[in-house]
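Let's take a walk through this structure together, going from sheets to helices, and then on to cores and salt bridges. Keep the 3D view open as you read.

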Amino acid sequence: MSETTEARVLDWLSGRQGEMLALLERMVNTDGGSYDKAGVDAVGAQVRGFLEGHGIPVETIPGERFGDCLRATVEGGEESGASDNARRNILLMGHRDTVFPKGEPERRPFRVENGIATGPGVADMKAGLVMNMFVLAAFKAVGGAPGPLVGLFTGDEEIGSPEGRPVIEAEARRARVVLNSEPGRANGGVVTGRKGGVFMVVEIEGRAAHSGGNFEAGISAIGELAAKVTAIHALTDLARGITLNVGLVSGGQSVNTVAPSAQMQIDLRYVEPADREEVMGRIHEIVGRSFVPGTRAALTIRGEFLPLTQTAAAAKLFEAYVGAAAESGLSVTGDFSGGCADSGFTAAVGAPTLCAVGPVGGKAHSPEEYLEVATLVPRAQAMARAILRLDRAGL
């Protein structure tokens, strides 16, 4: 890597804030909830249009139910004598889907006021996508990447990446490093560790009966649900970072009927991979036990994330990023997050991974979600610098 290459890449990025905001506005104002495949793919068309407009080829990996995965490639590391490691892919990753219902962009369109951008998905994570796209375009225009750059734009992260996960894992197995552009923390930090998560639904079956005239013939699924909720919540162990939350419940037929059915949805978060098996075993015991005699229950896992754990190689990547960010005028800490992300999948297959390297924002999944506009270009430059320092970092 020459000083001239770095200067040219940084200079290419330096005047792009206005272009970044214009693209971000179009993306935020396009519906893209996880279950809205057409909307997520419409955002994908915007991604494709920008990248192909800069001469970057884009491959589509079709999704059956959810948004397609897009894979963009910028060649690099072709110089004579390049090591095998330098020929491995440098993966820039992000998801296009959001958590918001259909029509949310019409109700809350993109806006910028006093340096703060708002709108559905503005930070989580359309700003990170825009940043990745511009970093890819910078290296395409200038050259000098220390290896092939791959931009992976997935479509179902907010629901556990049911279709995106195998694509992500396959890509990560070929990766030299992974930079996931989830929003930077409010303090300017990045994420070096995340919890894993399992999202489950439990269906409970009882027996209906008139609650006044034939009460004793009924078997209450809601009564069973209440007992199971209490038992599941009791598995929480804050000292170990294990939390259980029954976040949704439903059930019953009418106020004067003993409830024949009920459902609850459970969120499990954990830190250590071994904790998953222990807690899941205890959950299965609770689900299999009938607190109200005569009830039956079945558990289904609807989605899952793996924890992001830091390895020695990931620690090197973090240090390289910290140094690169400092030269972009940023002070960066390595933070732990209870939230889950696709970065757990890449770390689990052995790829050195750093998460939340995107522009700084916060209050994701809420109407108050925001992005600090002034961080768009500096965080893009920090990423570019970090990429150019991989060889120096021994990665």
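A good place to begin is an open sheet of 4 strands, whose order is S4-S5-S18-S17 and whose pairing is antiparallel. Strand S4 (111-113) and strand S17 (361-362) each have a single partner strand, so they stand at the edges and one side of each is left without a neighbour in the sheet. Bear in mind as you look that this is a predicted model. At the S4 edge, 3 bridges connect S4 with strand S5 (residues 116-118), the two running antiparallel. Within this pairing, Val 112 sits opposite Ala 117 of S5.

Now look for the helix that accompanies this sheet. Helix H5 (residues 122-142) lies across S5, S17 and strand S18 (370-372), and the helix runs at about 45 degrees to S18.

H5 also leads us into the interior. The largest nonpolar core has 64 residues, and Leu 24, Leu 51, Leu 136, Phe 139, Phe 153, Tyr 321 and Ile 387 are those with the most contacts inside it. H5 gives the most to this core, contributing 14 residues. If you centre your view on Leu 136, you will find that it touches Leu 51, Ile 56, Ala 72, Val 74, Leu 92, Leu 149, Gly 151 and Phe 153, leaving aside residues up to four places away in sequence. Another core, of 39 residues, lies apart from this one, and its members include Ala 231, Leu 235, Leu 244 and Leu 268.

Let's turn to a second sheet. Here 4 strands form an open sheet in the order S11-S13-S9-S14, again with antiparallel pairing. Its edge strands, strand S11 (243-251) and S14, pair on one side only. Ignoring direction, neighbouring strands of this sheet are turned by 20 degrees against each other on average. Strand S9 (residues 196-205) and S14 are joined in the antiparallel sense over 9 bridges, and one pair to look for is Ile 204 with its bridge partner Ala 297 in S14.

Two helices keep this sheet company. Helix H7 (residues 221-233) packs on the sheet and touches S9, S11, strand S13 (261-270) and S14, its direction making about 10 degrees with that of S13. H8 lies across S9, S11, S13 and S14 as well, and runs at about 160 degrees to S14.

What charged contacts should we visit? The count of salt bridges comes to 27. In one of them, the side chains of Arg 96 and Asp 41 meet at 3.3 Å, N to O. This pair links distant parts of the chain, 55 residues apart: Arg 96 is in the loop between strand S3 (89-95) and helix H4 (104-107), while Asp 41 is in helix H3 (residues 37-53). Arg 96 counts as buried because its relative accessibility is 1%, below the 20% cut-off.

Back at the second sheet, Glu 304 forms a salt bridge with Arg 276, with the closest N and O atoms 2.5 Å apart. Again distant parts of the chain are linked, since Glu 304 belongs to strand S14 (residues 296-305) and Arg 276 to helix H8 (residues 273-288), 28 residues apart. Are these two residues buried or exposed? Both Glu 304 and Arg 276 are buried.

Finally, salt bridges with shared partners join Asp 237, Arg 240, Asp 275, Glu 278 and Arg 282 into one network. Within it, the side chains of Asp 237 and Arg 240 meet at 3.8 Å, N to O. Asp 237 is partly exposed, at 25% relative accessible area, and Arg 240 counts as partly exposed at 32% relative accessibility.

Key: Residues numbered from 1 in each chain as written. Predicted model: local features only at pLDDT ≥ 70, side-chain atom pairs only at ≥ 80, totals over all residues. Heavy atoms only, no water. Pairing = 2+ DSSP bridges. Contact = heavy atoms within 4.5 Å. Axes fitted to C-alpha atoms, helices over the stretch in contact; angles between N-to-C directions. Salt bridge = Lys/Arg side-chain N within 4 Å of Asp/Glu carboxyl O. Buried < 20%, exposed > 50% of the residue type's maximum accessible area, 1.4 Å probe, protein only. Core = buried A, V, L, I, M, F, W, Y, C linked by side-chain atoms within 4.5 Å.
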